[in-house]
Amino acid sequence: MLLSPSHRLPLSPIHTNHTIHQWKVLVYDRKCRDIISPLLNVSKLRKRGVTLHLLLESEREDIPDVPAVYFVEPSEENIARITDDLNKRLYSAMYLNFTSKLDRSLMERLAKNAIAANTYSLVTKVVDQYLDFVTLEPCLFTLNQPNSYMGYNNPGASEADMEAYARAVTYGLFSVLATVGTVPVIRCASGGPAEMVARQLNDLVSEHLLANTPFFARGTGSTAAAFHRPLLILFDRNDDLITALHHTSTYQALVDDVLPHKLNRVTIESRPEEEGGAVKRRSYDLDVESDHFFSRYAGALFPEAIQANGAELAEVSKKEEEIRSKTIHQLGMGGGGGGGGEDPAQDGSAQELLSAVDSLPKLLERKKSLEIHTNILQAIMNVIAAREVPVLFDLEESMVMSSRADKATVKALLADPSKGSLQDKLRLLAVYTLSSNASNTDLQELNEAVRQAFPSGTPGVFAAGGGAWPTPEEVELGIGAVDYLRRQRAMQHLPDRAELETNRTVGRSAGGAGGRGGMGGGGTGVVALGGESGYMSHFINKAQSQATDLLAKASNLLARRNSPYVTRVVDNLCSFKPNSEDESFLYLDPKVKGVNPSNVKGRAPFREVIVFMIGGGCYAEYQNLQEYSRQQPPAIPRQVLYGCTELLNTEGFLTQLVELGRKSK
């Protein structure tokens with residue numbers, strides 16, 4: 001069960017008037033551009049016959065001899081623009097594809113306008129594609145819904161707003177299920193947005209099953225997919241807030257955390273050595289399917305990724321040098337203007353030379369890819385070294401693992417302006433607030449330490465990491481965001497420290513650490529399934545080559561193996577463990593009404609799981625789940641897909657928390 005929606009994109013050859021149009025124009029809106037870009041680059045679009053791809057909202061010239069494929073969101077604005085294109089007769093034919101269901105009112109408006117302008121014959125096909133999600137990797141997707149955490153936690157949201165929010169999430173998840181093609185069993189905790197979405201999705205899938213729509217043909221009848229149904233587990237971000245705030249330690253998670261990163265494209269800056277020089281920006285696409293190194297080390301601990309990059313780059317450089325030396329040597333033996341050299345063909349060395357030369361382009365391509373990762377690793381290292389991220393990670397991890405923290409140590413880090421940016425300090429303060437039973441007096445003391453770290457009246461000074469010095473207003477807004485989390489924790493009536501420690505002991509025996517209500521583990525390391533614990537003793541002490549001259553300042557990044565709340569729940573639900581969430585979570589089956597899990601006999605462990613986080617997900621959770629999947633026994637494999645309303649880095653999450661803190665005062 002892998003997500004591969006590219007085959008469902010509406011880009012197959014077009015047949016009109018007994019003619020096959022191999023070439024066509026692709027018109028999309030901004031939302032659909034984000035859906036397409038991680039799947040198909042320009043060359044892949046060209047192979048599918050797309051000669052031109054344009055934004056719907058841009059000014060476009062008419063191309064009357066070429067058909068156009070539209071791939072857009074079903075909105076009033078887009079219908080108005082399509083109507084305008086029909087009136088202008090921009091293309092010979094128009095194939096209208098919508099990301100989700102086109103409402104009847106909008107369809108009638110489109111038809112009425114097309115008939116009035118006598119352009120209805122140009123509309124060849126109208127299709128609800130149900131592709132309202134972005135696939136970033138075969139096991140990773142997002143609905144790309146901005147501010148999704150704020151959407152259902154907004155104190156000013158009306159009941160209608162909540163219904164609209166849940167409906168948007170439901171249709172996005174239905175698109176994913178339609179692409180996978182199987183009918184899942186749905187589990188979630190009672191109450192909150194997870195239950196609201198689960199029940200709406202259950203009803204929607206049931207309606208399509210009764211209507212015999214083709215989306216779930218693979219998951220019905222006597223096919224193998226019908227017997228091995230996936231498990232869909234819906235989570236609320238409030239179930240585990242720590243994982244979204246904890247500093248991270250894996251390569252891909254750090255890329256998303258400290259560098260500009262969106263839709264698999266990362267941008268790094270290189271500052272000139274001389275003053276006054278322009279800052280150069282370079283962007284790279286990170287693709288786990290085509291990039292061998294990234295596929296292997298995206299989820300690896302950052303020190304491991306650096307070591308592997310240095311070793312592989314040294315190996316490739318050595319092979320390149322051997323091939324070049326061999327080429328020069330063989331040419332010298334066979335050349336020299338008749339100097340009596342031996343014929344290299346006599347001992348087969350000519351064939352060996354040809355083989356070596358043929359392998360050189362692939363070797364150089366691999367070297368280029370490794371050098372790109374060297375640049376990215378160097379950029380990450382520069383940031384985490386300047387902001388002292390390893391120190392912060394170390395302290396946060398110890399708080400999550402033990403539910404205890406030395407307030408004096410936390411206070412010292414918060415008050416030191418050289419240790420972390422304002423964002424780093426707020427993350428540390430938030431983890432301390434959520435992982436301990438600190439009193440309001442203690443928290444106020446720590447808030448004051450943050451204020452002391454960034455005194456006002458220091459213009460022209462840069463904070464740790466090179467960022468601008470925060471204003472007093474920004475500091476107060478950040479503290480207000482952490483206070484909002486504290487109030488959320490109090491309203492959820494979380495268990496006391498003794499209960500938390502008991503829960504963690506039980507959780508570890510069940511496959512992980514963590515608890516519900518924002519107290520889940522950090523999830524920044526690798527899942528606790530038989531691995532060793534402790535500190536990463538060294539990083540890279542010495543540069544492997546001139547292309548891997550990376551700093552060795554992050555030797556304190558931990559290699560602890562810690563499992564977050566989400567991974568533990570997945571394991572409990574898939575294995576039907578007693579005294580776990582399997583007995584408390586709702587059980588919904590679109591094929592059967594009113595099912596109680598305790599009444600379902602002979603359940604086989606689930607082999608395919610879809611985890612979906614409402615309110616925003618993160619790479620730390622995704623990578624932990626993938627590691628959990630890889631460590632399952634071969635006899636009982638378990639594949640895990642991870643999705644979320646939006647893929648958030650901590651900066652984006654803190655921005656929403658700041659706004660919620662402002663609104664809830």
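1. Let's start with the nonpolar cores of this predicted model. The largest one has 124 residues, and those touching the most other members are Leu26, Phe174, Leu234, Val570, Val611, Phe612 and Leu657. Helix H6 (residues 159–180) gives the most to this core, with 10 residues. There is also a second, separate core of 32 residues, with Val266, Ala300, Ala305 and Ala379 among its members.

2. Have a look at Phe174 next. Which residues does Phe174 contact, leaving aside neighbours within four places in sequence? You'll find Tyr130, Leu201, Leu204, Val205, His208, Phe215 and Phe216 around Phe174.

3. Leu657 is another of those well-connected core residues, and it's one of the buried residues of helix H22. This helix runs over residues 650–663, so to speak a 14-residue stretch, and reaches 20 Å from its first C-alpha to its last, close to the 20 Å expected at 1.5 Å a residue. Besides Leu657, its buried residues are Thr650, Phe653, Leu654, Gln656, Val658, Leu660 and Gly661. Try switching on the elements that cover them: these include helix H5 (148–153), helix H9 (242–245), helix H10 (251–258), helix H16 (422–435) and helix H18 (472–491).

4. Val570, also on the list of core residues with the most contacts, takes you to a helix pair. Two packed helices are described by the angle between their axes and the distance between the axes. For helix H20 (residues 565–575) and helix H21 (residues 619–630), the axes come within 9 Å and cross at roughly 35 degrees. The crossing of H20 and H21 is right-handed. On the H20 side you'll see Val566, Thr567, Val570 and Asp571, which meet Glu621, Asn624, Leu625 and Tyr628 of H21. Sorted by class, this contact has 4 nonpolar, 2 polar and 2 charged residues.

5. Is His373, in helix H13 (residues 349–386), buried or exposed? His373 counts as buried because its relative accessibility is 0%. Not counting residues up to four places away in sequence, His373 touches Tyr251, Leu286, Asp291, Phe293, Phe294 and Asn309.

6. Finally, two loop residues to check on your backbone plot. Arg89 has a phi near 55 degrees, a positive value in a residue other than glycine. Arg89 sits in the loop between helix H3 (76–88) and strand E6 (94–98), and counts as partly exposed because its relative accessibility is 41%. For Asn144, phi is near 60 degrees, again positive in a residue other than glycine. The loop holding Asn144 lies between strand E9 (140–142) and H5, and Asn144 counts as partly exposed, at 30% relative accessibility.

How values were computed. Residues are numbered from 1 along each chain as its sequence is written. This is a predicted model: local features need pLDDT of at least 70, side-chain atom pairs count only at pLDDT 80 or more; totals for chains, interfaces and linings use all residues. Side-chain values use heavy atoms; hydrogens and water are left out. Helices (H or I, at least four residues) and strands (E, at least two) are DSSP runs, numbered from the N terminus. The expected span of a helix is 1.5 Å times one less than its number of residues. Buried means under 20% relative accessible area, exposed over 50%, partly exposed in between (1.4 Å probe, protein chains only). Contact means heavy atoms within 4.5 Å. Axes are lines fitted to C-alpha atoms, for helices over the stretch in contact, and angles run from 0 to 180 degrees between N-to-C directions. A crossing is left-handed if the near helix is turned anticlockwise from the far one by less than a right angle, and right-handed if clockwise. Ala, Val, Leu, Ile, Met, Phe, Trp, Tyr, Cys and Pro count as nonpolar, Asp, Glu, Lys and Arg as charged, and the others, Gly among them, as polar. A nonpolar core is a set of buried Ala, Val, Leu, Ile, Met, Phe, Trp, Tyr and Cys residues joined through side-chain atoms within 4.5 Å.
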